[in-house]
Amino acid sequence: MGSEAMEDCVQGALSSLYPPFESTAPPLLSQVFSVLESTYQHDSLRYLLDYFVPAKHLLHKLQQHACSQYLGCLFLHSGWPLCLGEKVVVQLSTLDWRLLRSNDFYLQVVPFSTRCPRLALKCLAPGGRTVQEILVPESQHPLVFTSEWLHCINKERGHKRE
């Protein structure tokens, strides 16, 4: 597959998952290139087969699970829960840990050795100088965007609801 065909495939998939793509494209494409470079050493075919296609399926399932709780409703942001307008909610690459505060966390689809990519919750590690990665079990994916799941995550991390 040529690089142009790969770019078309990636952009097509991302535009359907993260609309409005005009707004989400800059951070998403930057994240695509970051993972392609850092994890797959610019091997676009391996990136596509080992990471991007399985990640696309994982993101689609997350979106379906979150939206199924609200059948018949219209959403203010068409890309929810993966994005809110131009804000990317589920990341494709690691964010700069220096941007995180002690109570912050984010969700990322992480490459996972020889298996399919996984959903991970990332937050500051104790000491605040690195990022801690907590894999989200597949059994919890349908719950990820519920208030109960968020409350449970915050409770496990030792944060009280304000």
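H141 touches L58, L62, H65, L119 and V136, leaving aside residues up to four places away in sequence. The model is predicted. H141 itself sits in the loop that runs between β6 and α4 (147-156). Its relative accessibility is 10%, so H141 counts as buried, the cut-off being under 20%. A polar atom of the H141 side chain lies 3.3 Å from the backbone oxygen of V136. V136 thus appears twice for H141: in the list of touching residues and as the owner of that backbone oxygen.

**The largest pocket**

H141 also belongs to the pocket story. The largest pocket has a volume of about 280 Å³. It is lined by 13 residues, and those closest to its centre are L58, K61, P117, E138 and H141. Two elements give two or more residues to this lining: α3 (44-68) and β5. The largest share, five residues, comes from α3. What is the make-up of the lining by class? Seven residues are nonpolar, three are polar and three are charged.

**Strand β5 and its partners**

Strand β5 covers residues 115-124 and is mostly covered, with seven of its ten residues buried. Strand β5 pairs with β4 and also with β6. With β4 (residues 105-112), the pairing is antiparallel and spans seven bridges. With β6, the sense is antiparallel too, over five bridges. Strand β4 is likewise mostly covered: six of its eight residues are buried.

Strand β4 has a further partner. Strand β3 (residues 90-91) runs parallel to β4, and two bridges join them. One residue pair here is Q91 with its bridge partner Q108 in β4.

The table lists the pairings.

| Strands | Sense | Bridges |
|---|---|---|
| β3 and β4 | parallel | two bridges |
| β4 and β5 | antiparallel | seven bridges |
| β5 and β6 | antiparallel | five bridges |

Single residues fix the register. Y106 stands opposite K122 in β5. L124 has V131 as its bridge partner in β6.

Both antiparallel pairings involve hairpins. The hairpin of β4 and β5 has two residues between the strands, and S113 takes a positive phi near 35 degrees there. The hairpin of β5 and β6 has six residues between the strands. In that hairpin, G127 takes a positive phi near 100 degrees.

**K122 in strand β5**

K122 has its place in strand β5. Is this lysine buried or exposed? At 6% relative accessibility, K122 counts as buried, because the cut-off is under 20%. Which residues does K122 touch, beyond those up to four places away in sequence? They are T94, D104, F105, Y106, Q108, V110, V131, Q132 and E133. Y106, which stands opposite K122, is in that list.

Two side-chain polar contacts go with this setting. The K122 side chain meets the side chain of T94 at 3.1 Å. A polar contact of 3.3 Å joins the side chains of K122 and E133.

**E133 in strand β6**

E133, the glutamate in that contact with K122, lies in strand β6 (residues 131-135). Its relative accessible area is 41%, so E133 is partly exposed, a class that lies between under 20% and over 50%. Leaving out residues up to four places away in sequence, E133 touches V110, A120, L121 and K122. V110 is touched by E133 and also by K122.

How far apart are E133 and L107 in space, C-alpha to C-alpha? They are 9.5 Å apart, with their positions 26 residues apart in sequence counted as separation.

**Putting it together**

K122 and E133 form a link between β5 and β6, with their side chains in polar contact at 3.3 Å. K122 is buried, whereas E133 is partly exposed. H141 is buried, lies in the loop between β6 and α4, and is among the residues closest to the centre of the largest pocket. Strand β5 ties the two themes: β5 holds K122 and gives two or more residues to the pocket lining.

Notes:
Residues are numbered from 1 along each chain as its sequence is written. This is a predicted model: local features need pLDDT of at least 70, side-chain atom pairs count only at pLDDT 80 or more; totals for chains, interfaces and linings use all residues. Side-chain values use heavy atoms; hydrogens and water are left out. Helices (H or I, at least four residues) and strands (E, at least two) are DSSP runs, numbered from the N terminus. Buried means under 20% relative accessible area, exposed over 50%, partly exposed in between (1.4 Å probe, protein chains only). Contact means heavy atoms within 4.5 Å. A polar contact is a pair of N or O atoms within 3.5 Å; within protein, one must be able to donate a hydrogen and the other to accept it, and residues adjacent in sequence count only if both atoms are side-chain atoms. Two strands pair if DSSP finds at least two bridges between them. On a 1 Å grid over the protein atoms alone, a cavity is a set of points where a 1.4 Å probe fits but cannot get out, and a pocket is an open set with protein on both sides within 12 Å along at least five of seven lines; lining residues have an atom within 4 Å of a point. Grid points are joined across faces, edges and corners, and a volume is the space filled by probe spheres set on the points. Ala, Val, Leu, Ile, Met, Phe, Trp, Tyr, Cys and Pro count as nonpolar, Asp, Glu, Lys and Arg as charged, and the others, Gly among them, as polar.
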